[in-house]
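Subject: Structure handed over, with notes

Dear colleague,

I am passing on the structure that I mentioned, and below it you will find my notes on what turned up. Please read them with the model open beside you.

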Amino acid sequence: MPASLVVFLVAVPLSLGIAVASDAPLAAGLTAAVVGGVVAGLFGGSAVQVSGPAAGLSLVVAELVHTYGWRATCMITLLAGVVQLLLGVFKAARAALAVSPAVIHGMLAGVGVVIALSQLHVVLGGSPQSSAVDNLLELPAQVADLHDHAAAVGLITIGVLLVWKWLPRRVRLVPGPLAALLIASVAAAAFSLDVTRVDLPENLLQWVPPVLPAGDWHGILAAVLLVALLAGVESLLCSVAVDSQHDGPRTDLDRELRGQGIANIVSGALGGLPTAGVIVRSTTNVQAGARSRWSTVLHGVWVLVFVLCFGWAIRLIPLEALAALLAFIGLQMFNLGHVRKVHGHGEVPVYLVTLAGVVVLGLAEGVLFGLALAVLLALRRLTWVSAHVRQEQDGRRHVTISGSLTFLGVPRLTDELRAIPPGVPVDLDLNIDFMDNAAFEALHSWRLMHERSGGSVDIDELHDEWYSLAAAGHRMFPAKTPAKAHEHGWLPWAHRRRRKTATVPEQGGPAECELTVGAREFHRRAAPQMRPIFTELARRQQPTHLFITCADSRIVPTLITASGPGDLFVVRNIGNMVPRYGAEPHDDSMAAAIEYATQVLGVRTITVCGHSGCGAMAGLLSGGEKAGSLPGLRRWLRHGNHSLARFILGDSDGSDSGPLDRLCRVNVTQQLENLRTHRKVAEQVAAGSLELVGLYFDIASARVHILPSPEVPVPAGEEEAVS
């Protein structure tokens with residue numbers, strides 16, 4: 001109920017303003033608001049989206065009114081609703097989402113510019129010209145010849161809209177558009193300003209039936225399809241945007257399209273503007289606390305009640321104030337946030353071409369130009385390929401080929417490859433998502449030719465094995481130089497290609513460190529893909545798990561848990577041990593990690609992960625002999641005495657395969673018990689806000705076992721330490 005009232009207060013002035021921009025009767029905007037709220041609200045697929053007259057359709061409607069007349073335009077709206085209903089029945093809604101957002105945003109921005117330019121003339125007391133270009137050219141003369149009263153009302157309206165968002169929250173309970181019209185109307189009446197009043201018919205319930213448009217049926221059919229598609233796409237994109245703003249049920253897009261179709265059939269039959277989902281009213285609805293479609297429905301009811309009971313109040317609104325409201329809305333449709341979004345995807349040219357086309361040529365032409373450019377750019381991306389050749393210190397050539405390797409990229413590819421001197425070893429990285437036969441033949445022929453000249457070619461495919469699969473059945477493929485199998489970043493160095501970056505003969509320096517080579521590979525391959533994730537993580541870390549495991553080089557926490565950056569707070573030590581609180585020899589490193597993880601990071605799980613063949617457990621079984629002359633290690637292994645005692649007492653779940661394996665498993669269970677000797681851990685476990693988990697990694701089988709974690713009470717004599 002509260003949300004519906006807020007949306008109603010926003011909808012009335014916007015509906016009147018959009019009717020003015022559409023050159024339609026003012027009652028048509030209010031009719032569309034009622035129908036969009038009640039009909040689209042009841043039959044649509046979104047829980048919180050609000051439908052009504054849309055500013056994005058105003059240029060189309062204005063052109064239709066000029067061409068066919070108002071009653072024929074209502075019939076076009078009705079027929080467009082039939083088209084939308086059929087598209088929804090045949091489940092075509094998802095196809096509408098294939099339209100580039102850059103085209104939609106550019107179209108809305110262009111419509112906003114056209115509306116703002118035309119209505120500025122009304123604000124200044126003049127009349128709009130026939131086109132946006134003419135409005136822009138005539139604007140300086142209009143400013144020079146101001147009509148004081150009309151300009152004052154318009155400027156008051158714009159001033160209120162500008163400062164309203166900075167006022168106290170209690171004042172802003174009244175929506176800005178409504179406040180601006182009220183203040184402008186009061187000012188016009190108080191100072192007896194010479195303004196033009198809104199003209200509403202005396203009988204708003206008088207029905208004028210739509211008529212079939214006369215003229216070329218090709219143009220009429222195009223108009224029906226244009227209204228249906230523009231209103232449908234705008235509604236569906238609005239639904240998707242609004243879904244991201246609330247936690248309720250997601251939109252059924254096909255049902256939404258059917259609902260919009262029914263609403264346009266009813267609106268056209270009753271003499272209303274075309275309806276569509278509108279983002280301003282929908283966002284207002286969500287922010288006002290709407291939870292169901294009844295907020296949308298009730299807002300339509302309130303508009304109807306207002307029109308029937310307080311229609312006389314609308315006649316007090318100066319037309320210049322409505323024009324100022326429209327100009328303000330038009331400028332807001334040019335959204336810099338949208339520009340930043342499309343810039344991130346390289347679609348600014350599509351946005352600008354669509355905007356310019358709408359302003360200079362018209363809405364349909366601008367959209368078509370934008371769609372054509374979007375398709376061309378998509379084709380260019382599909383056929384884009386880059387080839388970079390770098391010379392290493394030892395004379396090897398490192399070649400990186402990225403993109404989609406098709407026949408269109410063959411000339412550039414062969415130019416780069418032929419520049420490589422004969423006889424030199426080549427490391428070739430294929431970072432491609434497609435390779436056609438022409439590209440394979442060119443690459444394969446170059447490889448054979450280069451190897452005949454005495455060189456070598458080592459191919460590394462970073463994603464799909466396009467080259468390997470094609471070469472496997474190629475008769476000319478030499479058996480002595482098979483293609484490299486698909487490599488993953490987690491393979492050990494010993495299993496990867498080792499670049500020959502050892503001693504430079506003339507310098508006699510040492511071999512290059514594998515870590516240095518690996519860092520370069522990370523910068524080249526993974527860093528570009530991972531950069532957005534790390535940029536977000538740079539602000540702060542929010543891991544959900546403290547992962548305590550052994551320092552053994554064979555244990556890779558992120559690999560065996562399928563986790564990524566920012567998921568695990570990892571602590572590693574010899575034997576994945578957790579010294580009991582107050583134990584000797586004293587150790588603060590583990591206590592500090594546990595305190596930070598539980599009290600600062602707020603982890604929800606602490607996992608202790610042991611593994612088979614643990615050297616620390618082997619040292620315990622040997623009585624410390626395997627620690628040899630390593631005093632630090634011998635002292636550290638004392639923290640495993642409780643595990644050794646538990647092992648001697650025979651604590652086992654029967655799943656081990658020998659004494660060492662059994663001790664490795666028992667050690668995990670004991671470390672979970674040791675965690676409970678830390679007071680904060682024990683408190684959080686008792687409160688249910690922290691869970692302790694034991695894992696055991698069998699290296700030979702590459703299997704992770706979850707060990708039982710019984711609720712073990714603190715042993716006698718340890719209560720003092722826990723307290």
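Of the contacts in the chain with a separation of 6 or more (contact meaning heavy atoms within 4.5 Å), 73% are between residues 24 or more positions apart. Please keep in mind that this is a predicted model, in which local features need pLDDT of at least 70 and side-chain atom pairs count only at pLDDT 80 or more, whereas totals for chains, interfaces and linings use all residues. Residues are numbered from 1 along each chain as its sequence is written, and side-chain values use heavy atoms, with hydrogens and water left out.

The chain has 723 residues, of which 49% count as buried; buried stands for under 20% relative accessible area, exposed for over 50% and partly exposed for what lies in between, with a 1.4 Å probe and protein chains only. About 35,200 Å² of the chain is exposed, with carbon and sulfur atoms supplying 62% of that area, as computed by the Shrake-Rupley method with a 1.4 Å probe, where for residues only the protein chains shown count as cover. The secondary structure comes to 29 helices and 11 strands, taken as DSSP runs numbered from the N terminus (H or I and at least four residues for helices, E and at least two for strands).

On the cores: a nonpolar core is here a set of buried Ala, Val, Leu, Ile, Met, Phe, Trp, Tyr and Cys residues joined through side-chain atoms within 4.5 Å. The largest one has 88 residues, and those with the most contacts inside it are Leu16, Trp70, Val111, Leu273, Val303 and Leu363. Helix α6 (residues 101–123) gives the most to this core, contributing 10 residues. Another core lies apart from it and has 34 residues, including Ala597, Leu644, Leu663 and Val685. Once neighbours within four places in sequence are left aside, leucine 16 is in contact with Leu26, Leu30, Ile314, Ile317 and Leu322.

Leu322 also appears among the buried residues of helix α14. In that helix (residues 319–333), 12 of the 15 residues are buried, so α14 is largely enclosed by the rest of the structure. At 1.5 Å a residue, its 15 residues should span 21 Å, and the end C-alpha atoms are 21 Å apart, which agrees; the expected span is 1.5 Å times one less than the number of residues.

The same check on helix α4, with 20 residues, gives an expected 28 Å against 29 Å between the end C-alpha atoms, which agrees. The buried residues of α4 include Trp70, Met75, Thr77 and Leu78, and what covers its buried residues includes α2 (26–43), α3 (58–68), α10 (217–243) and α11 (253–270). Threonine 77 counts as buried because its relative accessibility is 2%, and, apart from neighbours within four places in sequence, threonine 77 is in contact with Asn264, Gly268, Gly272, Leu273 and Pro274. Just after α4, lysine 91 takes a positive phi of about 55 degrees.

Turning to the strands, which pair if DSSP finds at least two bridges between them, nine of the nine residues of β4 (residues 397–405) are buried, so that strand is largely enclosed by the rest of the structure. Strand β3 (residues 385–391) runs antiparallel to β4 and is joined to it by seven bridges, with arginine 390 having histidine 398 in β4 as its bridge partner. Five residues lie between the strands of this hairpin, in which glycine 395 takes a positive phi near 95 degrees. Strand β5 (residues 425–435) runs parallel to β4, with nine bridges joining the two, and serine 404 has phenylalanine 434 in β5 as its bridge partner. The chain crosses from β4 to β5 through helix α18 (residues 410–418), a β-α-β crossover that is right-handed, in the sense that, with the strands pointing away from the viewer, the path from the first strand over the helix to the second runs clockwise.

Strand β9 (residues 605–611) has seven of its seven residues buried, so β9 too is largely enclosed by the rest of the structure. Thr605, Thr607, Cys609 and His611 point one way from β9, while Ile606, Val608 and Gly610 point the other way. β9 pairs in the parallel sense with β7 (residues 545–550) over five bridges and with β10 (residues 691–698) over seven; valine 608 stands opposite glycine 694 in β10.

With best regards
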